[in-house]
Amino acid sequence: EGEAEPPAEGEAEPPAEGEAEPPAEGDEAKSADGDEVGSVKSEGASGVSTPAPSTPVRPLSPEAAGATQPVARSAPAVAMIGQSKVVIFGGETEGEDGKVSLEDFLTVDLSAGRLRWNEIPVEGDMFLPRKGAAICTVGDVVYIFGGIHKDEEEDKEIVLEDFVMLKPEGDVMVAELIPLMGSAIPDARAFAMMESISDSSLMLYGGVNEDPLNDAFIFDCNKRQWKLVYRADPSTCEPTGALATIHAGKLLTVSSTGGNRFDVVATLDPDLSDNYSFASCMKNGVSKQLDHLEKFFNMTEGAFGMADDAEKLSESFDVLMKVMAALFNARSRKEAIELELDCIEETLFMLNKSKIPTTANDKRLEEARVQWETIANLTPEVKEAVTPVQEARSEGIKKQIKEGTEKAAAYRKEFLESPIFKYETGFKGAYPLLDAAHSKLGGFDESVKELTHLANMFEFPEAVEDLTACVAECHEDLRNAKDVWDFSSLVEVQFTKWRSTLWDSINCEEMEDQTKGFQKDSKTLPKKIRDADCYKGLDDAVKNFLTSVPLVADLRSPDMRDRHWSSLMKVTGKEFTIDEKFSLDNLLALELHKFADEVGEIVDCANKEAKMEVSLAKLDQVWAKVEWVQIKHKDTDYNTIKLGEEDFEGLEDNQVMVQGMMANKYMKTFEEPITSWNKKLMMVADVNNIMSEIQRTWAYLESLFIYSDEVKKELPEAAARFKKIDTMIKSILKEACATKNVVESSCKEGLYKELENQQGELEKCEKALADYMESKRRAFPRFYFVSTADLLDILSNGNNPVKVMIHMNKCFQAIEKLTLDTENPGAGKRPKAKAIISCVGKETIPFKSDMGLDGKVEDYMNLIIDKMRSELKLHCFDSMQAYNNPKPRHEWCFDWSSQLGLVVNQIYWCSEVEEAFDKMAAGDAGAMKKYSEQQVQQITDLIATTRRDLDKPSRQKIMN
């Protein structure tokens, strides 16, 4: 535990756990097999070498970087000096006005205790900043070639071809521009590979200059000379240049044949260039060419000499063939030989230019030209000499060709009808037949070769065209047939393997993908063979299997039951047993591709039935738990019932689902439970709806017909009817609450019919009540502006004025209620009204005398109107008496209601204005002005009053 002590100043940090110790000075990193580990060039950078794997690499933190922390950059040149020092030169960074090329020279010593950047000053020859330069080290000398310089003035990039050597001298690097010299000079380039190949030489390879370059040069550091060692077509390189390095002294390149991977590795040994001399190769080649030509010319002259003996020509066919072959070669090779002679002459000229002696070959060429000219001159004479014999022999040869053609045609007819092209033969039976046909055609090939040679020699090559075409077509058909049977064997082997797969192990997706691949590959077979039975059979087999695979996948559905397998046996007319030995082959034996529609329908039926089975099970499970939501009815011992919101939504969804199952053509298997649930859910919906209506009507009628003595007196017949309804509904509610389950209670025999009867009886009670309410509205017209529910509440509580007070603001404008002398009158007694309470602000108008609330509700409501009017008149008179007596107006207004204050204020304003006019008429000219000042003072007093701390009702009154 705890932290390790840091290393002492000047000591190197120990490697972290898992890191290898750095190699001792002078050691070289070795790979596992003992070979030296070469450096690897990274893509897009030149000569990037990584340290040996055994060298520990530590990250450079900003704190440890020192004052020479380099700017961020792209495409620098990177190399290694020895095993532990990294050299970085140039690159490109973002400047204020865009991209800027760099020319700084940095190093990092990987073996140091702390990794620090060191910027080395560069002196000597001036060179341009750049990116993408090629860099390498030979010993402690750094070489840099090319790169791309950004010309900021013209805003363009220039590909460079300069060659710079940086040599360490003390604490600086001295730059020297090395002139390009040698037998071949490298072109300008960037992003090339440059690495040392010995202690005194380096190699420059590839790079880019608009297009990729594919050449290699070696630079001798001592002689300062370039030498071209390799050049090839640049189109074979990657567009961004070749990916290359030096490994084990050889150039190693990596490229791609296409796609996203590098899959071609090539090597080039630069030492081979010293072992080959173009000049010596050219000299030896010319000698060999002249040897072949001289040999040909001598044989031709010898054959022409045989034409002088006419008798021997007639007797010996071999002699005739030698003469005819010489004539044919002289005639057919004329242009080629003349071209070869010209090429030899050009080669000798180049060798002579390179100061290589060619005297002997020059003489041989001259003699060869003379000999060839002689042969050309002799050709017509020889031709004339052999013509009679040629004509005599031609008829026999033509007869042989005709017989060979007829024989080949007969074989071709037999060949096309052979079992090779019948799919029923099978690939195992086809291969021996293919071998036999190939052997047979081999014999025809020999015959065609011989007859073609004769036809060419005797100058009627068109005679063998039919024979050649016939045999060629047989060969083509044989190759095509073999391609089909090769593909068929591949397909059949795979199909056989799949057929042996047990039922539980079948991978339909894999089979379908591979079979689609077979179908696609079969389209690549030659079009000519596609009319053959072997191809059609193969194509049908693949198509049938491809058709069967989805059907097999469907049949593997877990929804398949015994009844569905029985249906499949009935459709296919074949019996089978599904057990642990049941395989794909047993199923494919049913020839499913012939019953695709029927199988699809069976599987569809299984899937639909499975869904129905699951849905029915879910219905049983869900509705077994659904119970009525019970709500206590007022202050009674009874509860009303209803469906919960979620249960009601579920009911609607389940009804739609069951209706869908009813419409499904596969419902026969589950017809009874589906029909049963359809009836149950419909009954639940109907009972829920009618119960909601009955409970709503019953609840508000109950307070009238059960608890209102006045209604009982007015409607005795309806009250008696409702009492029976009340007893029945309470009985139904009690039973439903005891049962709890919605489906069970809703589906009881005769329940819905009884509910319909009770609903009819309630409608009769409602009609009687409506007539009763109409009579009340006529007695007190303000009831017309009250809702039916509120009116029922008023009428049901007519003998209890305390409960009627909550409806006062619905019958009288701006009156909230009356102040009663008691809120709890004794039995048979009614309270008296003592004041009016306004619903606007907070105002109370006390009555001069109490008002009794006796009799029917409509009677004392009419009395309230009269009482309200009379009391307002009395209060208005009192208010007039108190105006400015003794309180001023801004204090007086708080003692009276706003309505009365406004009325009295207007009365006094009119009176005072008239008084002012009278005074003016009497001669007091300033009377109106004085009254105006009085009004301004009263308004000022009101304004001052509003600034006081007032409660909300008082502030509202003063603002009025």
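**Helix α24, an open sheet, a tyrosine and the cysteines**

K867 lies in helix α24, which covers residues 857-882. The model is predicted.

Q: Is K867 buried or exposed?
A: A residue counts as buried when its relative accessible area is under 20%. For K867 the relative accessible area is 13%. K867 is therefore buried.

Q: Which residues does K867 touch, not counting residues up to four places away in sequence?
A: K867 is a residue of helix α24. With residues up to four places away in sequence left out, the residues that K867 touches are F847, S849 and M851.

Q: Which strands stand at the edges of the open sheet formed by β16, β17 and β18?
A: The sheet has the order β16-β17-β18, with antiparallel pairing. A strand at the edge has a single partner strand, so one of its sides is left without a neighbour in the sheet. This applies to β16 (243-247) and β18 (264-268).

Q: What is the average twist from one strand to the next in this sheet?
A: The open sheet is made of three strands. From one strand to the next, the twist averages 25°.

Q: Which residue in β18 is the bridge partner of L251?
A: Strand β17 spans residues 250-255 and is joined to β18 by five bridges. The two strands run antiparallel. Within β18, the bridge partner of L251 is L268.

Q: Where is Y423, and is Y423 buried or partly exposed?
A: Y423 sits in the loop between α7 (359-416) and α8 (426-457). Its relative accessibility is 21%, and the buried class requires a value under 20%. Y423 therefore counts as partly exposed.

Q: With which side chain does the side chain of Y423 make a polar contact?
A: Not counting residues up to four places away in sequence, Y423 touches several residues, including W485, S488, E492 and D533. A polar contact at 2.9 Å joins the side chain of Y423 to the side chain of E492.

Q: How far apart in space are Y423 and Y535, C-alpha to C-alpha?
A: In sequence, Y423 and Y535 are 112 residues apart. In space, their C-alpha to C-alpha distance is 7.3 Å.

Q: Why does C136 form no bond with the closest cysteine sulfur, and how many disulfides does the structure hold?
A: C136 is buried, at 3% relative accessibility. The closest cysteine sulfur belongs to C221 and is 7.3 Å from the sulfur of C136, which is too far for a bond because a disulfide needs the sulfur atoms within 2.5 Å. In the structure, the number of disulfides is zero.

Q: What is the relative accessible area of C765?
A: C765 is another cysteine that counts as buried. Its relative accessible area is 0%.

Terms used: Residues are numbered from 1 along each chain as its sequence is written. This is a predicted model: local features need pLDDT of at least 70, side-chain atom pairs count only at pLDDT 80 or more; totals for chains, interfaces and linings use all residues. Side-chain values use heavy atoms; hydrogens and water are left out. Two strands pair if DSSP finds at least two bridges between them. Helices (H or I, at least four residues) and strands (E, at least two) are DSSP runs, numbered from the N terminus. Axes are lines fitted to C-alpha atoms, for helices over the stretch in contact, and angles run from 0 to 180 degrees between N-to-C directions. Buried means under 20% relative accessible area, exposed over 50%, partly exposed in between (1.4 Å probe, protein chains only). Contact means heavy atoms within 4.5 Å. A polar contact is a pair of N or O atoms within 3.5 Å; within protein, one must be able to donate a hydrogen and the other to accept it, and residues adjacent in sequence count only if both atoms are side-chain atoms.
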